[in-house]
Amino acid sequence: MGPSKSRPPRAWYALRRTLPTWSFEENLRELVEVLPRYRVDEVIVKVDTEEFTHGQPPLAWIRRYQPLLFRVKEAMDRLGIVYSINPWITVGHCDRGRDAVTQLPGLQPVVGHDGAQCTCCACPLSQVWRDNTAAVWTLYARTEPHIIWVEDDIRTFNHAPARYGCFCREHLRRFGERVGQEVTREELVAALLKPGRPHPWRARFLDLQAELMVETVAFLTGVVHRVSPGTSLGLMSSGPRTHALEGRRWSEFSEALAGGRPLYSRPPMGNYSEGSLRGFYYSHDSIKLTRHCMPPGTIEQTEVENVPFTRYSKSAAFTFVEMAISFAYGSHGVTMNLFDHAGTPMEAEPAFGETLAARKPFLEALAGRAQQPGTYRGVRLLFDPKESYVKRLARGAEYGQLAADGYATMEMLETHGLPTTYEDEAVAATSGQQLRACSDEELRRLLANGLLLDAVAAQVVCERGMAEHLGLRSIAPPKCIDELGVFSAEEYFNPEFGGADRTYLTLTLPGLGGRPRLSLIEPLRGIRIISRVVDPDARRHHVCNYAYENRLGGRLVVHLLDLASAYGVAFNHPFRAAQLQAAVRWLGRGKVPVVARGGVFPLALRKDCGDQTLLGLFNLSLDPWPSAEFELADDRRVDRLEVLSAGGRWQRSRELSAERRAGRVTIRCERGVP
């Protein structure tokens, strides 16, 4: 991980720290004193940061600050701690009242899809921005940092107040050259958001954005490597589903940013402040999905961030769980933004440093197993970065609806004890319009295996002329269930799929006051009805959930709710766990890579590493689990079982047991999970 480490720690700690000019001496002395005690491996100096940022970094100010960076590097070298830099902006996150247009005459700011124009966030095509950035980043590079981190503002969305895209004169001019005519912002936005079949301009504009951003990061890397060829570049990103809005080409983008050096990736963990533990479903998925998009060999250090700092924002315990999730899912390190940017001593909140030191043995032992080469197993999730190219919008849709679907599928499965993966598996799950990005060959391959779909995904299959493979003559577009009649619940009655008469699941979805959308179908013979909607007198009506085995040899389970309108806290239920686990087991012909049982809101994992398998479980509820159980599809004999102690030792325990039967292994841990 770092050039000064002969054997880098498996649980690499990289602390992001701002040293303001007015408290630099005190902050540097504290770093020298406490970092060895905190067991920190790397310091990432944040420059011109957050509340005290000047906006676009003033070249004269950075010149005055550069000697301080050399001093940090020298001090860290003496301690054997790696030195890196994190400029707070590349093009800019938000204006915050700063006026870079006046500061840098001729700067072209970002212009949003609605005409909102920034005063500080720069269009990456602006030559004035490039000239200033080249000069500033040259000063950074001369300090020869291990990594220079590129912030996630290297994107074409979320530059407040310009929310989506850049529609400045230069972007419009270049787009006009592509289509052979002058195009106004209003004309282009109308084409991008055209209802129904996408306008051809959408693909052309996404292509243009993707190519320009590849060229932009190549410019940044070129500036750095002309001065410090040994410095690597690191990328913080904003989640691949969101980057689909700009058509990001992950492979080309990453290659251009790496510039022939190792590339570092910082997937966001979210949870910037302490809310529900359920926020960690986003965190773990962000790790897995970002990794799925990055090239092999990328070094991954997650973003563990505390905003607006102090334990009022996030406890040390919550922070530790975030780090443990990072290492359980195989990350190489964590970048920690735990302390404010105003010069406040870190020791004003000693709990964070104490936690870092005390928990490192545990995290080292966990990372040592999780970082072994192997495959995370589960129900396969789908992702295609070109989903925004093919998505169909309703009339009046907002720009953000071009983002990729699929998050609800992940959370639905994970909350009910069914871990997910982006690796190839026999059973896959999809919702929304994800399947539009599949070729006919890819779609048939999915339909020839095990596939779990919602109503919108089923409608896409039918539009592609493959309704018979779903056991359907036709399917209607989803409608609010109240437009179809008076309905109270979903009766989950089929015992083959774990149901029973009078077993009801609410239709007050996704939460109190909500109502989902349902599709009506004309089925073919042979579908197996799992559930129907019922009226206030418990009379059964429309099919809600069914299974079908098609002539391709595939098995399908279709839930006729539009999952985006239905998934939320009210969707979760012990009956739903039984329903989903039975569906996935049937789709896999009796074999499920892993199911976790023992309580509610599990975040579970299985990673196969040669002749070893790593199992993990985080209890994301405040009620303790009395014990935990993992069901695995596996024919291997279990030779040894070990559990990780709080002190960081893998050891045998009488609380562990294994039972093997008919291609399944059940692992039990008779230990409470707090």
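**Strands, cores and salt bridges in a predicted model**

Let me start at one position in a sheet, where Ala633 stands opposite Arg664 in β34; helices and strands here are DSSP runs, with H or I and at least four residues for a helix, E and at least two for a strand, numbered from the N terminus. What you see above is a predicted model, in which local features need pLDDT of at least 70 and side-chain atom pairs count only at pLDDT 80 or more, while totals for chains, interfaces and linings use all residues. Residues are numbered from 1 along each chain as its sequence is written, and side-chain values use heavy atoms, with hydrogens and water left out.

Staying with this strand, β30 and β34 (residues 664-669) are joined by 6 bridges and run antiparallel, where two strands count as paired if DSSP finds at least two bridges between them. Strand β27 (residues 595-597) is also antiparallel to β30, through 3 bridges, and there Arg597 has Glu629 as its bridge partner. Is β30 enclosed or open to its surroundings? Because 6 of the 6 residues of β30 (residues 628-633) are buried, the strand is largely enclosed by the rest of the structure; buried means under 20% relative accessible area, exposed over 50%, and partly exposed in between, with a 1.4 Å probe and protein chains only. In a regular strand, side chains alternate between the two faces of the sheet. In β30, Ala628, Phe630 and Leu632 point one way, whereas Glu629, Glu631 and Ala633 point the other way, and all are buried.

Those glutamates lead on to charge pairing. A network of salt bridges links Arg585, Arg597, Glu629, Glu631, Glu659, Arg661, Arg664 and Arg668, a salt bridge being a side-chain nitrogen of Lys or Arg within 4 Å of a carboxyl oxygen of Asp or Glu. Across the structure there are 59 salt bridges. In one of them Arg16 pairs with Glu151, with the closest N and O atoms 3.1 Å apart. Arg16 lies in strand β1 (residues 12-18) and Glu151 in the loop between β6 (147-150) and β7, so this pair ties together parts that are 135 residues apart in sequence. Both Arg16 and Glu151 are buried.

Another pair, Glu347 and Arg37, meets at 2.8 Å, N to O, and links the loop between β12 (333-337) and α12 to helix α1 (residues 24-38), with the two positions 310 residues apart in sequence. Here Glu347 is partly exposed at 32% relative accessibility, and Arg37 is partly exposed at 42%. By contrast in setting, Arg174 and Glu170 form a salt bridge at 2.8 Å, N to O, and, being 4 residues apart in helix α5 (residues 169-179), they are separated by about one helical turn.

Turning to the other sheet I would like to show, it is an open one of 9 strands in the order β15-β14-β16-β17-β26-β25-β24-β20-β21, with mixed pairing. At its edges stand β15 (420-421) and β21 (504-506), each with a single partner strand, so one side of each is left without a neighbour in the sheet. Within the sheet, β25 (residues 540-549) and β26 (residues 555-559) run antiparallel and are joined by 5 bridges, with Asn545 opposite His559 in β26. Helix α15 (residues 440-447) packs on the sheet, touching β14, β16, β17 and β26, and its direction makes about 100° with that of β17; contact means heavy atoms within 4.5 Å, and the angles, from 0 to 180 degrees, are taken between N-to-C directions of axes fitted to C-alpha atoms, for helices over the stretch in contact.

Which residues touch the most other members of the largest nonpolar core? Of its 162 residues, they are Leu35, Trp137, Leu435, Leu470 and Tyr546, and helix α12 (residues 350-370) gives the most to this core, with 9 residues. A nonpolar core is a set of buried Ala, Val, Leu, Ile, Met, Phe, Trp, Tyr and Cys residues joined through side-chain atoms within 4.5 Å. Apart from this core lies another, of 31 residues, among them Val110, Cys118, Tyr164 and Ala397.

Finally, some backbone details. The peptide bond between Ala160 and Pro161 is cis, with omega about 10°, and Pro161 sits in the loop between β7 (157-159) and β8 (162-164). A cis bond also runs from Val307 to Pro308, with omega near 5°. Asp48, a residue other than glycine, has a positive phi near 55°, and Asp48 is buried, with a relative accessible area of 7%.
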